Amino acid sequence: MKVTGSVLLLLALAGPSVALAQDFPNTLNMTCTEAQALVTNQGAVTLSTGPNVFNRYVKDEASCAGGQQTKPAWVQTRDQQQCSVGSTCVDPNNEGGGR
């Protein structure tokens, strides 16, 4: 089978949009207990917290990159405005709390 240049171009253009369209578990569709269990059971998980808004939440510092620390994180869930789901990883040398 011969792959034409236009097919390759189409795949190259579709690749980034496909990656951007990934579905992450949405905290607005789960209870606080469900969101907490997801982070606890998986150790680290990317959660959507609204349209086009997502972040990586971790159970503990073992899921962070070397030198990073954990910072407690709260998200809105179906049943609570502020649900403590675990933490995010932050660089202690970055005042903005980079990931």
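This passage describes the fold, the nonpolar core, the disulfides and some individual residues of a predicted protein model.

The secondary structure of the predicted model consists of two helices and four strands, and these elements follow one another from the N terminus in the order α-α-β-β-β-β. The protein has 99 residues, of which 25% are buried. When contacts between residues at least 6 apart in sequence are considered, 37% of them join residues that are at least 24 apart. The exposed surface of the protein comes to about 6,800 Å², and carbon and sulfur atoms supply 54% of that area.

In soluble globular proteins, nonpolar side chains tend to be buried together. In the present model, the largest nonpolar core is made up of eleven residues, namely M30, C32, A35, V39, V45, L47, Y57, A73, V75, C83 and V85. Helix α2 (32–42) and the strands β1 (44–50), β3 (69–75) and β4 (83–90) each supply at least two residues of this core, and the greatest contribution is that of α2, which gives three residues.

Two members of this core illustrate how its parts meet. A73, with neighbours within four places in sequence left aside, is in contact with Y57, C83, S84, V85, G86, S87 and T88; of these partners, Y57, C83 and V85 also belong to the core. V45, which lies in strand β1, has a relative accessibility of 8% and therefore counts as buried, the limit being under 20%. When residues up to four places away in sequence are not counted, V45 touches L38, V39, N55, R56 and Y57. One of these partners, N55, is ten residues from V45 in sequence, and the C-alpha atoms of V45 and N55 are 8.3 Å apart in space.

A disulfide is a covalent bond between the sulfur atoms of two cysteines. The count of disulfides in the model comes to two, and, with the bonded cysteines numbered in sequence order, their pairing is 1-3, 2-4. One disulfide is formed by C32 and C83, whose sulfur atoms are 2.0 Å apart. This pair links distant parts of the chain, since C32 is in helix α2 and C83 in strand β4, with their positions 51 residues apart in sequence. The torsion about the S-S bond of C32 and C83 is about 80 degrees, and the disulfide is therefore right-handed. Both C32 and C83 are buried, and both are listed among the residues of the largest nonpolar core.

The other disulfide joins C64 to C89, again with a distance of 2.0 Å from S to S. C64 lies in the loop between β2 (53–58) and β3, whereas C89 lies in strand β4, so that this pair ties together parts of the protein that are 25 residues apart in sequence. The torsion about the S-S bond of C64 and C89 is about -85 degrees, and this disulfide is therefore left-handed. C64 is buried, with a relative accessible area of 12%, and C89, at 7% relative accessibility, likewise counts as buried.

Among the aromatic residues, the count of ring pairs comes to one. This pair is formed by F24 and F54, whose ring centres are 5.0 Å apart and whose planes meet at 40 degrees, so the pair is tilted. F24 lies in the loop between α1 (5–20) and α2, and F54 lies in strand β2, so the pair ties together parts that are 30 residues apart in sequence. Both partners fall between the limits for buried and exposed residues: F24 is partly exposed, with a relative accessible area of 27%, and F54 is also partly exposed, with a relative accessible area of 47%.

A further feature concerns the backbone at N52. This residue has a positive phi of about 60 degrees, although it is not a glycine. N52 lies in the loop between β1 and β2, and with a relative accessible area of 77% it is exposed.

Notes. Residues numbered from 1 in each chain as written. Predicted model: local features only at pLDDT ≥ 70, side-chain atom pairs only at ≥ 80, totals over all residues. Heavy atoms only, no water. Core = buried A, V, L, I, M, F, W, Y, C linked by side-chain atoms within 4.5 Å. Buried < 20%, exposed > 50% of the residue type's maximum accessible area, 1.4 Å probe, protein only. Contact = heavy atoms within 4.5 Å. Disulfide = S-S within 2.5 Å. Phe/Tyr/Trp six-rings, centres within 6.5 Å; stacked < 30°, edge-to-face > 60°. Areas by Shrake-Rupley, 256 points an atom, 1.4 Å probe, with all protein chains shown as cover.
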